[in-house]
Amino acid sequence: IFEKYEVFGGCEALESINIPASLTNLGHNAFKGCTALKNITVDPANPAYVIKDGKLMTKDLQTQIFPIVD
C-alpha cells in the first residue's frame, strides 16, 4: 500500500507519467512536490484510476490524486 508514501514525491523534474493497467494502488501523496508534472495518462484498462477533466482520479471519482488538493 502506497498511501502513506510519496512514491514520486519531490521529483521536481518529472514532467509526464503513464499509469499502466497494472498499477492499482497509488496513494494521494504520490506526486507531492512534482512541480513540473503536467501530463498524466492512464491506460484505459486500469481498474483503479481515470483522468477526468484533466485530473487524476480514482475510478469511482471519489478521490482526486493529482493535481494535489490540500
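**Exercise 1.** Determine which residues of the largest nonpolar core touch the most other members.

*Solution.* The largest nonpolar core has 15 residues, and Leu26, Phe31, Leu37, Ile40, Tyr49 and Leu56 touch the most other members. Strand 1, strand 2 and strand 5 are the elements that give two or more residues to this core. Such a core is a set of buried Ala, Val, Leu, Ile, Met, Phe, Trp, Tyr and Cys residues joined through side-chain atoms within 4.5 Å; buried means under 20% relative accessible area, exposed over 50%, partly exposed in between (1.4 Å probe, protein chains only).

The model is predicted: local features need pLDDT of at least 70 and side-chain atom pairs pLDDT 80 or more, while totals for chains, interfaces and linings use all residues. Residues are numbered from 1 along each chain as its sequence is written, and side-chain values use heavy atoms, without hydrogens and water.

**Exercise 2.** Describe the open sheet of three strands and the place of leucine 56.

*Solution.* Step one: the strand order is 3-4-5, with antiparallel pairing. Strands are DSSP runs (E, at least two residues) numbered from the N terminus, and two strands pair if DSSP finds at least two bridges between them.
Step two: strand 3 (49–52) and strand 5 (64–66) each have a single partner strand, so one side of each lacks a neighbour in the sheet.
Step three: strand 4 (residues 55–58) pairs with strand 5 over two bridges. Leucine 56 has phenylalanine 66 of strand 5 as its bridge partner.

**Exercise 3.** Determine whether lysine 38 is buried or exposed.

*Solution.* Lysine 38 lies in the loop between strand 1 (16–19) and strand 2 (39–42). Its relative accessible area is 69%, so lysine 38 is exposed.

Definitions and conventions:
Helices (H or I, at least four residues) and strands (E, at least two) are DSSP runs, numbered from the N terminus.
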